[in-house]
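Reader: I am in my first year and would like to learn how to read a protein structure with care. Could you take me through one, question by question?

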Amino acid sequence: MPLLTLANAQLAYGELPLLDRASFAMEAGERIGLIGRNGTGKSSLLGVIAGTTALDDGELRHSPGLRIAYVPQEPVLLPSSTIKKSLLARPNAPEEHRLDEFLHRFKVTPEASPETASGGERKRAALALAFAQQPELLLLDEPTNHLDIDGILILEGLVARQGAAIVITHDRAFLDRVATRILELDRGMLRSYPGNYSRFEILKAGELAAEAVAQRKFDKFWAQEEAWIRKGIEARRTRNEGRVTRLEHLRDERAARRERTGNLKLSVGSAQRSGKLVAELENVSKAFPGNDAVVRNLSLTIGRGDRIGLIGPNGAGKTTLIKLILGTLAPDSGSVRLGTKVEVAYFDQMREALDPEKTVAETIAPGSDWVELPGGRKHVMSYLGDFLFPPRRAQSPVRMLSGGERNRLLLARLFARPANVLVLDEPTNDLDIESLELLEAALQDYAGTLLLVSHDRTFLDNIVTQTIAAEGGGMWKEYVGGYSDWLRQKALVFESQDSRIKTTREKIRTKLSYKEARELEALPKEIAALEAEQQALSTKMHAPEYYKQAAQVLREDQRRNGEIESLLHGKLERWEALEAKSQAAAP
C-alpha cells in the first residue's frame with residue numbers, strides 16, 4: 001500500500017488553478033524533491049498533505065495512523081519563556097531527551113527566548129522538533145533558507161536517513177544528495193522524474209526541447225508561451241561548454257595572478273571598467289565591543305574581473321568583510337586602498353527600495369521604454385523578458401508581485417544600473433530553481449567584479465573564480481575556485497601540515513635554547529595525540545546511537561571538541577614559530 005496517494009486534486013485561489021486534476025503516489029522510503037516556479041502552488045500542496053489546507057476537489061489518502069511532521073517556510077514559535085518550553089508545549093511534543101538531542105545537533109540554545117529568536121533560530125528549532133517527533137513522513141518547505149553551509153550539511157545527513165520526506169528547495173546540491181525522485185508542479189499538473197536533480201535536468205531538457213518545437217506550429221496566440229518555454233530551456237543552459245570553459249580560464253588566471261605578487265595582469269573587463277585594482281587590504285583587523293575579532297590581520301588584493309565567493313558560518317563576519325573591502329566600514333587596524341573608477345551596486349541594500357505602487361516596467365525604466373545598459377540600450381519589455389516577466393506582467397503594480405517575483409525585479413534593476421562591482425548578499429533566497437539558473441547565466445556573462453555571499457554550493461561552483469573562507473578566530477583564507485575546489489584544497493592543506501609535523505624531529509637546530517629544542521621536539525607528539533583524540537571524538541559523535549546519551553555527555557563532548565581545536569591551533573602556531581627560528585639559525 002502506498003504511503004500517500006493524491007488523486008484528481010483540484011485547488012484554486014480565485015481564477016488561478018494551483019492543482020488541476022493533479023495526482024501522484026508515494027511509497028515508504030522515498031525522498032521527493034518538489035520543485036516548480038514561484039507561485040505555482042508548491043507550498044499549498046505541502047499544506048494539503050500536512051492537513052492545513054483543504055482541497056477544492058479530489059482525494060488525499062494515506063496509510064492509517066501516518067505520523068507526519070511539517071516545517072513551513074517561516075515557522076512560528078509559541079509564546080513561552082524559552083525555546084525548549086515553546087517546543088514542548090506543542091501537540092504531539094516528543095520526549096524531552098530526544099528534543100535535547102536534536103536541539104544540540106542544530107546548535108539551538110534551549111534557554112533562549114522565542115520572542116527574540118532570529119529567522120534562522122526559529123527554522124533550526126522547528127527542524128529539531130520535527131526530527132525529534134520521529135515522523136514516518138517529513139514535510140519541509142525551503143528548509144535551507146537561513147541556514148549556513150554547516151547547518152545544511154547537518155540537515156542533509158538527517159534527511160538522507162529519514163524514512164520518507166517531501167522537500168521544497170531551490171538548493172540543487174541538496175536535491176542531488178537527498179532526493180530519490182523529483183516531482184515538478186507545472187501549470188497545475190504534477191510530473192514525476194526518477195532520480196536526483198541532475199538526472200531531472202537531463203530528462204526535462206529533452207522534454208522542453210520537444211515541447212518548444214511543437215509550440216512553433218501553433219498560431220500567434222501561443223507565440224508568447226513559446227518564448228516563455230524557450231526561455232526555460234535557455235535558463236537551464238547555465239553550464240554549457242562555453243561558459244564552463246570561460247570560468248575555468250578565469251580561475252586559471254586568478255591562480256596565476258596569486259603567484260605573481262604585485263603584478264596584476266587581467267584582461268577581463270566591462271563596458272564601464274574600473275581600474276585594474278579594485279581593493280587592497282593590508283593587515284586589516286576588525287572587532288566589535290564584547291565580541292572576538294571577526295577579521296584578523298587580513299591581507300587581500302582584489303582585481304578587476306575577480307569573482308569572489310565568501311563562505312563561513314552565520315555570524316563569522318561575511319557582511320562585515322564586504323563592508324571593509326568596499327571602504328564603508330573602517331578597520332580597527334591595517335589599511336584599505338580602493339581602486340579608481342569603482343562603481344558599486346549592492347543587492348542587499350535594494351531589498352526595501354521598491355515602490356509598491358509603481359508598475360514593473362516603471363521600476364526598471366521610469367519615464368522611458370528603454371533600458372540603458374553597459375552594452376547598449378534595450379527595450380524594457382525585452383529586458384524584463386530576460387528576467388522571466390512576460391509582457392502582460394510588465395504593467396502590474398509591484399505590490400501584486402510574489403516574493404520570488406520581487407527578487408527577480410530587484411535583480412533586473414540591479415543589472416540595469418551602471419556598476420562595475422556587483423555585491424550580492426544571499427541573492428538566491430526566495431528564488432525558484434529556474435530563476436536561480438537565470439541569475440547564474442546573467443552573472444556568467446557579467447564582465448565586472450563580483451562579491452558574492454551565498455550558502456548555495458552549486459551556485460558558488462558555477463559562478464566564482466576564488467573563495468574567501470572563514471577559518472575561525474577572525475582568520476580568513478583565499479582559495480582558487482568555488483565551494484568544491486575549497487573542499488579539495490582544504491584537504492590538501494591538512495595533508496601538508498601532517499607531513500611537515502612528521503619531519504620536525506629531523507629539523508631541530510642547535511641554535512635554539514635547550515628548553516626550546518626540547519619543546520620543538522615534543523610538539524609533534526603532542527599535536528599527534530590531540531589529533532588522535534579529535535579523530536576518536538569525531539568518530540564517537542557520528543555514531544548512529546551517539547545522541548541517545550544524556551544531554552550532559554553531549555555537551556561535554558562538544559566542549560572538549562572545541563577545546564581540542566583551540567589547543568591544536570595554539571600548538572601549530574608555536575611549532576611554526578620554533579621551526580622558523582630553527583631554520584633561520586641553520587648555516
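The questions and answers below go through some helices, sheets and loops in turn.

Author: Please keep in mind that this is a predicted model, in which local features need pLDDT of at least 70 and side-chain atom pairs count only at pLDDT 80 or more, while totals for chains, interfaces and linings use all residues. Residues are numbered from 1 along each chain as its sequence is written, and side-chain values use heavy atoms, with hydrogens and water left out.

Reader: In which order do the strands β2, β1 and β4 stand in their open sheet?
Author: Helices (H or I, at least four residues) and strands (E, at least two) are DSSP runs, numbered from the N terminus, and two strands pair if DSSP finds at least two bridges between them. β2 (16-26) and β4 (57-62) are the edge strands, each pairing on one side only. The pairing is antiparallel, and the order is β2-β1-β4.

Reader: Over how many bridges do β1 and β2 pair, and which residue of β2 stands opposite Ala 9?
Author: Strand β1 covers residues 4-13, and its antiparallel pairing with β2 runs over eight bridges. Within this pairing, the residue of β2 that stands opposite Ala 9 is Ala 22.

Reader: Why is one side of β11 and of β13 left without a neighbour in the sheet?
Author: The open sheet has three strands, paired antiparallel, in the order β11-β10-β13. One side of β11 (293-303) and of β13 (333-338) has no neighbour in the sheet because both stand at the edges, each with a single partner strand.

Reader: What angle do the helices α13 and α14 make where they pack?
Author: Axes are lines fitted to C-alpha atoms, for helices over the stretch in contact, and angles run from 0 to 180 degrees between N-to-C directions. Angles under 35 degrees count as roughly parallel, over 145 as roughly antiparallel, 65 to 115 as roughly perpendicular and the rest as oblique, and α13 and α14 are therefore roughly parallel. The axes of α13 (residues 403-415) and α14 (residues 433-445) are 11 Å apart, and the angle is about 10°.

Reader: At which residue does α17 bend?
Author: Helix α17 (residues 514-541) has 28 residues and reaches 40 Å from its first C-alpha to its last, close to the 40 Å expected at 1.5 Å a residue (the expected span being 1.5 Å times one less than the number of residues). The bend at a residue is the angle between axes fitted to the seven residues ending there and the seven starting there. In α17 this angle is about 30°, with Pro 524 following within four residues, and the bend is at Ala 522.

Reader: Is Asn 92 buried or exposed?
Author: Asn 92 lies in the loop between α2 (83-88) and α3 (96-105), and its phi is near 60°, a positive value in a residue other than glycine. Buried means under 20% relative accessible area, exposed over 50%, and partly exposed in between (1.4 Å probe, protein chains only). At 69% relative accessibility, Asn 92 counts as exposed.

Reader: What is the relative accessible area of Arg 393?
Author: Arg 393 is found in the loop between α12 (380-386) and α13. Its C-alpha is 8.8 Å from that of Ala 361, although these two residues are 32 residues apart in sequence. Arg 393 is partly exposed, and its relative accessible area is 22%.
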